[in-house]
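Student: Please take a close look at one part with me: the charged side chains. Then carry on to whatever connects with them.

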Amino acid sequence: MIEYITNFFYAYLSTIGFAVLFNAPVSTFIKSGFAGGLGWVIYVFSNGIFESVLVSAFIASLVIAIIGEFFAIVDKNPITVYIIPGIIPLVPGFGLYYTMLSLVERNFGMAANYGTEVLLISIAISGALVIVLSLNSYRRQIQKKRREMRNK
Amino acid sequence: MISTNRKKTLIMALYAGEIMLKNGAETYRVEDTIIRLCKSRNYQYVEPYVTPTGIFVSVDTKGESQDEIVTYIKRIKSRRINLNKVAEVNNFSRNFVESNMDLKEAMTMLKDIDKLKSFSKHIDAFLGGGVASGFFALLFGGDMPAFLGAFIIGSIISYILTYLNSMEFPPFLSNICGGAVAAGLAILISYVTPLINITLDVDKVITGSIMVMVPGVAITNAVRDSIAGDLVAGLARAVEAIIIATSIAVGVGFILTLWQIMLGGSLS
């Protein structure tokens, strides 16, 4: 349990660090930090259950996207502001760096390993984001249709 | 005779799109904003085509004859992430669509948004680069010395990157410098710390401190754009991410190899 709390704390603060680097509006810091921290804890937790980086990254990004969408609707900010710092702990930037480092060191087998993982993880994360975003635009379409029906 | 109003609307909408794209908004959001802005002033035919390196927009009143169509092309040269400006343009576009704001007022508002100041470089370095690097070192299983090392080196790298960017160095060069400085300082500190009976995990320190440069968001956005069907934009962003990753790897790899050859060190 303690492990999850410290993990949440670390991910929360590093997400806020990135929010500063990305010049996010100050009022969104605490919320995007919350998305990042909770996403990372869920990632660690589901990694223990499924033992698959891909599934965990997918579930965690789903949660981050839902939290981001919620805050985006409440605060009328674009969801980008919450999601981009929030997914930072999950995102395979290091994988891409290791891929290139392996290539520079002429270790082509390792490069292929890392490269495949990068591709799959980024597909898992962006797939989760796309699912939540499409559900939200579906919800908006329905609301719009209802409003038009009422006006007729 | 093409009305000047149509041109002004187009210029204003494209300027809004340009600010968003330059500051890290997704391709679909930029296209969506341009369409909304133009349609709110009754230009029913709007075709934006947005890639990370340029925006193309055509506008006309109706899709029938199209003999008064206006097109504007804008080349985008540099991109960075400034989410505050994205949020501000988003607010602006909501206000513009819902009100009867005239175009002159809209242009001045957009210019004000474009001039918005970012955080000072000291805040950027310590609260941004330092905190992000330090806590990432902890997240990757580092201990307290690794946290401090990554915090210090991350802040220094932030200063260096801000300076090189303000001098308009190409990102490729500034990232090579960043990687080399991260590896060099981490190794240097690891030779000093045994004097006060602390062992430093060089690998964790380097991992934490290059976190601020690593293109994780870029590669995820590339895949997102590709999934959304913006294939050209997706490819462009993927290439950008690969170039950044390569330049960091070159910087770090160079110093690590030098360390192995000259001093016989290695990452355990």
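Tutor: Start with Glu26(B) and Arg29(B). Both residues are buried in this predicted model. Their side chains meet in a salt bridge, with N and O 3.1 Å apart. So here is a charged pair, and burial covers Glu26(B) as well as Arg29(B). The cut-off matters for this step: a residue counts as buried when its relative accessible area is under 20%. Keep that number in mind for what follows.

Now go to Glu18(B). Where does Glu18(B) sit? Look in helix 1 of chain B, which covers residues 4-22. Is Glu18(B) buried or exposed? Glu18(B) is buried, because its relative accessible area is 10%, and the limit for burial is under 20%. Next, look at what surrounds this residue. Set aside the neighbours within four places in sequence. Then Glu18(B) is in contact with Ile55(B), Lys74(B) and Ile76(B).

Which side chain meets Glu18(B) in a salt bridge? The partner is Lys22(B), and the N to O distance is 3.2 Å. Count along the helix. Glu18(B) and Lys22(B) are four residues apart in helix 1 of chain B, so about one helical turn separates them. Their exposure does not match. Glu18(B) counts as buried at 10% relative accessibility, whereas Lys22(B) is partly exposed at 29%. Now bring Lys74(B) back in. Glu18(B), Lys22(B) and Lys74(B) are linked in a network of salt bridges. You have already met Lys74(B) among the contacts of Glu18(B).

Move along chain B to another pair. Arg36(B) forms a salt bridge with Asp32(B). Their closest N and O atoms are 3.2 Å apart. How far apart are the two residues in sequence? They are four residues apart in helix 2 of chain B, residues 27-39, so the spacing is again about one helical turn. Check the exposure of each partner. Arg36(B) is partly exposed, with a relative accessible area of 46%. Asp32(B) counts as partly exposed too, because its value is 35%. Set this beside the Glu26(B) and Arg29(B) pair, where both residues are buried.

How many salt bridges does the whole structure hold? A search over all chains finds ten. How many cross from chain A to chain B? The rule finds zero salt bridges across that interface. Polar contacts give another result there: six residue pairs, both residues at pLDDT 80 or more.

Stay at the interface. Contact joins 48 residues of chain A to 51 residues of chain B. The two chains bury about 4200 Å² between them, and 78% of it is on carbon and sulfur atoms. Three residues stand out on the side of chain A: Asn23(A), Phe94(A) and Tyr97(A). They supply 16% of the area that chain A buries against chain B, more than any other three residues. Several helices of chain A give two or more residues to that side: helix 1 (2-21), helix 2 (29-50), helix 4 (80-86), helix 5 (93-104) and helix 6 (108-151). Helix 1 of chain A gives the largest share, ten residues. Sort that side by class. It has 37 nonpolar, ten polar and one charged residues.

Come back to Asn23(A). This residue lies in the loop between helix 1 and helix 2 of chain A. Its phi is positive, about 55 degrees, although Asn23(A) is not a glycine. Asn23(A) is buried, because its relative accessible area is 9%.

Chain B offers a comparison. Glu168(B) has a positive phi too, near 60 degrees, and is not a glycine either. Its place is in the loop between helix 6 (144-166) and helix 7 (171-192) of chain B. Is Glu168(B) buried or exposed? It counts as exposed, because its relative accessibility is 70%.

Finish with the cysteines. How many disulfides does the whole structure hold? The search finds zero over all chains. Look at two cysteines of chain B. Cys38(B) counts as buried, at 0% relative accessibility. Cys177(B) is partly exposed, at 33%.

How values were computed
Residues are numbered from 1 along each chain as its sequence is written. Chains are lettered from A and ligands numbered from 1 in the order in which they are written. Side-chain values use heavy atoms; hydrogens and water are left out. A disulfide is a pair of cysteine sulfur atoms within 2.5 Å. Buried means under 20% relative accessible area, exposed over 50%, partly exposed in between (1.4 Å probe, protein chains only). Contact means heavy atoms within 4.5 Å. Buried area is the accessible area (1.4 Å probe) that two parts lose on being put together, summed over both. A salt bridge is a side-chain nitrogen of Lys or Arg within 4 Å of a carboxyl oxygen of Asp or Glu. A polar contact is a pair of N or O atoms within 3.5 Å; within protein, one must be able to donate a hydrogen and the other to accept it, and residues adjacent in sequence count only if both atoms are side-chain atoms. Ala, Val, Leu, Ile, Met, Phe, Trp, Tyr, Cys and Pro count as nonpolar, Asp, Glu, Lys and Arg as charged, and the others, Gly among them, as polar.
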